[in-house]
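Please examine the structure shown below before reading on. The paragraphs after it lead through selected side chains and then through the pockets.

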Amino acid sequence: MTINPTYLAQRTRSSVNWADAKSRVIKSYREWLRASPEIQTMYSLNIPVSAIRTKIRQEFEKHRYVQQLGVVDVLLFQSHAEYQETLNYWKQLSHVMKYFRPEEEPGARLPPNFISGFLEGRN
C-alpha cells in the first residue's frame, strides 16, 4: 500500500458570503455521510452505519448557530482535516472511538450528587 499524503487534499479558502459558506458546509456534511460505510469498514467498528451518521449529524449540529463567517471557515477547515486524516487511515481506533464515548453526552459527565460521585471514585 503506497501512502499518498495529497489524497483528499484541498486548498484552504475563505467563504465569499453566507450562501457560499452554506453550500460548503452541506458539501462537507455529505462527504462525511457518504464516507461513513467506508469508515466503519476501515476501522472495523462494531457500530452500525446509522449510529455513525447520527454522530456526524450531532457534530455538525453543535455549530449550527455560528454567526461569524470566519468561524465557519475555520470549522470547515477543521472538518476537512479530520475527514482527510480519517479516510487516509492516519488515525488509530481510539481516535475514532473518542466520538462515541458515553462521557461525551452532557448528562453523563457529572454524578447526580456528591455521595454517588464519591462512591464511584470520582473527585
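What follows is a guided reading of charged pairs, two single residues and two pockets.

The model discussed here is predicted. A convenient starting point is the set of pairs in which opposite charges meet. Across the whole structure, a search finds seven salt bridges. One of the pairs is formed by Arg-24 and Asp-73, whose closest N and O atoms lie 3.1 Å apart. Arg-24 belongs to helix H1 (residues 18-42) and Asp-73 to helix H3 (residues 69-87), so this salt bridge ties together parts that are 49 residues apart in sequence. Are these two partners buried or exposed? Arg-24 has a relative accessible area of 18% and is therefore buried, because the cut-off for a buried residue is under 20%. Asp-73, at 12% relative accessibility, also counts as buried.

A second pair lies within a single helix. Glu-61 forms a salt bridge with Arg-57, and the closest N and O atoms are 3.1 Å apart. Both residues are in helix H2 (residues 49-61), and since they are four residues apart, about one helical turn separates them. Glu-61 is partly exposed at 31% relative accessibility, and Arg-57 is partly exposed with a relative accessible area of 43%. This pair is also part of a network of salt bridges that links Arg-57, Glu-61 and Arg-64.

A third pair joins Lys-91 and Glu-82, with the closest N and O atoms 2.3 Å apart. Here the two partners fall into separate classes of accessibility: Lys-91 counts as buried at 8%, whereas Glu-82 counts as partly exposed at 25%.

Two individual residues may now be considered. Asp-20 is found in helix H1 and is buried, with a relative accessible area of 16%. The side chain of Asp-20 reaches the backbone nitrogen of Val-16 at a distance of 3.0 Å. If neighbours within four places in sequence are left aside, Asp-20 is in contact with Arg-13, Ser-14 and Ser-15. Leu-75, for its part, is found in helix H3 and counts as partly exposed at 22% relative accessibility. With neighbours within four places in sequence again set aside, Leu-75 is in contact with His-63 and Val-66. Leu-75 and His-63 are twelve residues apart along the chain, and their C-alpha atoms are separated by 8.4 Å.

The pockets come next. The largest pocket has a volume of about 1,000 Å³. Which elements give two or more residues to its lining? They are H1, H2, H3 and helix H4 (93-97), and H1 gives the most, with nine residues. In total, 32 residues line the largest pocket, and Ile-56, Glu-59, Phe-60, Glu-61 and Ser-79 lie nearest its centre. Glu-61, already met as a salt-bridge partner of Arg-57, thus returns here as one of the residues nearest the centre of the largest pocket. The lining divides into 18 nonpolar, five polar and nine charged residues.

The second largest pocket has a volume of about 320 Å³. It is lined by 14 residues, of which Gln-10, Arg-11, Arg-24, Leu-76 and His-80 lie nearest its centre. H1 and H3 are the elements that give two or more residues to the lining of the second largest pocket, and H3 gives the most, with six. By type, the lining of the second largest pocket comprises three nonpolar, five polar and six charged residues. Arg-24, which forms a salt bridge with Asp-73, is among the residues nearest the centre of this second pocket.

Methods: Residues are numbered from 1 along each chain as its sequence is written. This is a predicted model: local features need pLDDT of at least 70, side-chain atom pairs count only at pLDDT 80 or more; totals for chains, interfaces and linings use all residues. Side-chain values use heavy atoms; hydrogens and water are left out. A salt bridge is a side-chain nitrogen of Lys or Arg within 4 Å of a carboxyl oxygen of Asp or Glu. Buried means under 20% relative accessible area, exposed over 50%, partly exposed in between (1.4 Å probe, protein chains only). Contact means heavy atoms within 4.5 Å. A polar contact is a pair of N or O atoms within 3.5 Å; within protein, one must be able to donate a hydrogen and the other to accept it, and residues adjacent in sequence count only if both atoms are side-chain atoms. On a 1 Å grid over the protein atoms alone, a cavity is a set of points where a 1.4 Å probe fits but cannot get out, and a pocket is an open set with protein on both sides within 12 Å along at least five of seven lines; lining residues have an atom within 4 Å of a point. Grid points are joined across faces, edges and corners, and a volume is the space filled by probe spheres set on the points. Ala, Val, Leu, Ile, Met, Phe, Trp, Tyr, Cys and Pro count as nonpolar, Asp, Glu, Lys and Arg as charged, and the others, Gly among them, as polar.
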